[in-house]
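Thanks for sharing this one with me. Here are my notes, set out as numbered points so you can follow them with the model open.

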Amino acid sequence: MDKGDRGTSNHSGVTDFILVGFRVRPELHSLLFLLFLLVYTMVLLGNVGMMAVIMTDPQLKTPMYFFLGNLSFVDLVYSSVIAPKAMINFWSESKTISFAGCVTQLFLFALFIVTEGFLLAVMAYDRFIAICNPLLYSVHMSTRLCTQLVAGSYFCGCISSILQTSMTFTLSFCASRAIDHFYCDYRPLQRISCSDLYVHRMVSFSLCVIIIFPTIIVIVVSYVYIVSTVLKIRSTEGRKKVFSTCSSHLGVVSVLYGAIIFMYFIPDGYPELSKVASLCYTLVTPMLNPLIYSLRNKDVKEALGKILGGKMFLFSSILTVI
């Protein structure tokens, strides 16, 4: 019997799991590894670069960039929870992950992906205040409130992750140890459980409703008010500037929520499609976020230009001395 299908009496007897990953021909593993490596390198460079620019440029010490810096941190962490292990498994014979490693991976991923959803809602609210009530912006979006909103996002992510992870790992895994995914996620873990999943599915569905719908409502309502306000602006240049800022945020929201909603509507009989959707929000979204915000944001481009300009000046000065 294959070791991925060896039975165990319950979850307490499981010491590790097997991450099946993508069901492709072995010769394609090298190509997938290079693809993952390229995307993850861009994630690292983009998000670390974005955080460095925000922390070093005094002009970016505003609530919007405070939230954007936290978004880059969240993207960096949850992609780092997934990508390195997935890349190692392309070259591994066993493709195993320890029970503790699986718990940690699910907990951290759930924590930061939920935090990202709340941060995106906070950023939509920030844009709503900035555009619809600009004179009261500094009053409404105080440093204290911004800190509380970010802390609240992390808190909601933590509570959701604790509930989801604890519910998932109280299941009995007596059917198999082989997780048909490239990381530990609760849906593939449920598939290899022999426990009654009714309560777990109801709790998971309730968490999704509690997390996704309020954040989507905040984003939609904020942008309804933003659009109505922008349409009243007579200046074409003013409209263009506002739409440029908001379209960046809407692009990020669309990619993340589109992939998540698509994944949850995929029937369990299509695991490969689920993996592709998961790939969109575990690696593609963290890669795109810094690109979207830097390419469509004048302030970030100027700050980046200053840093790169300073580096080039230093480099040319060294060459001159040499």
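**Notes on the helix 2 and helix 5 pair**

1. Let me start with the packing of two helices in this predicted model. Helix 2, spanning residues 63-89, packs against helix 5, spanning residues 143-168, at an angle of about 20 degrees, and their axes are 10 Å apart. Angles under 35 degrees count as roughly parallel, so helix 2 and helix 5 are roughly parallel to each other. Their crossing is right-handed.

2. Which residues make the contact? From helix 2 come Pro-63, Phe-66, Phe-67, Asn-70, Phe-73 and Val-74. Helix 5 brings Cys-146, Thr-147, Leu-149, Val-150 and Tyr-154 to the contact. By character, the residues where helix 2 meets helix 5 divide into nine nonpolar and two polar, with no charged residue.

3. Thr-143 is worth a look if you are browsing helix 5, where it is found. Is Thr-143 buried or exposed? Exposed means over 50% relative accessible area, and Thr-143 has 65% relative accessibility, so it counts as exposed. Between Thr-143 and Phe-66 there are 9.6 Å in space, C-alpha to C-alpha, although the two are 77 residues apart in sequence. Phe-66, for its part, is one of the helix 2 residues in the contact with helix 5.

4. Ser-160 also lies in helix 5. The cut-off for buried is under 20% relative accessible area; Ser-160 has 9%, so it is buried. Which residues does Ser-160 touch, leaving aside those up to four places away in sequence? They are Val-114, Leu-207 and Ile-211.

5. Stepping back to the whole fold, the protein chain has 10 helices and three strands. Reading from the N terminus, the order of elements is β-α-α-β-α-α-α-β-α-α-α-α-α.

6. How are the contacts spread along the sequence? Taking contacts between residues at least 6 apart in sequence, 79% join residues at least 24 apart. The pair of helix 2, residues 63-89, and helix 5, residues 143-168, is a good place to see packing between separate stretches of the chain.

7. Finally, some totals for burial and surface. The protein chain has 322 residues, and buried residues make up 46% of them; Ser-160 is one of the buried residues. The chain exposes about 16300 Å². Carbon and sulfur atoms supply 72% of that exposed area.

Methods:
Residues are numbered from 1 along each chain as its sequence is written. This is a predicted model: local features need pLDDT of at least 70, side-chain atom pairs count only at pLDDT 80 or more; totals for chains, interfaces and linings use all residues. Side-chain values use heavy atoms; hydrogens and water are left out. Axes are lines fitted to C-alpha atoms, for helices over the stretch in contact, and angles run from 0 to 180 degrees between N-to-C directions. Helices (H or I, at least four residues) and strands (E, at least two) are DSSP runs, numbered from the N terminus. Angles under 35 degrees count as roughly parallel, over 145 as roughly antiparallel, 65 to 115 as roughly perpendicular and the rest as oblique. A crossing is left-handed if the near helix is turned anticlockwise from the far one by less than a right angle, and right-handed if clockwise. Contact means heavy atoms within 4.5 Å. Ala, Val, Leu, Ile, Met, Phe, Trp, Tyr, Cys and Pro count as nonpolar, Asp, Glu, Lys and Arg as charged, and the others, Gly among them, as polar. Buried means under 20% relative accessible area, exposed over 50%, partly exposed in between (1.4 Å probe, protein chains only). Accessible areas come from the Shrake-Rupley method with a 1.4 Å probe; for residues, only the protein chains shown count as cover.
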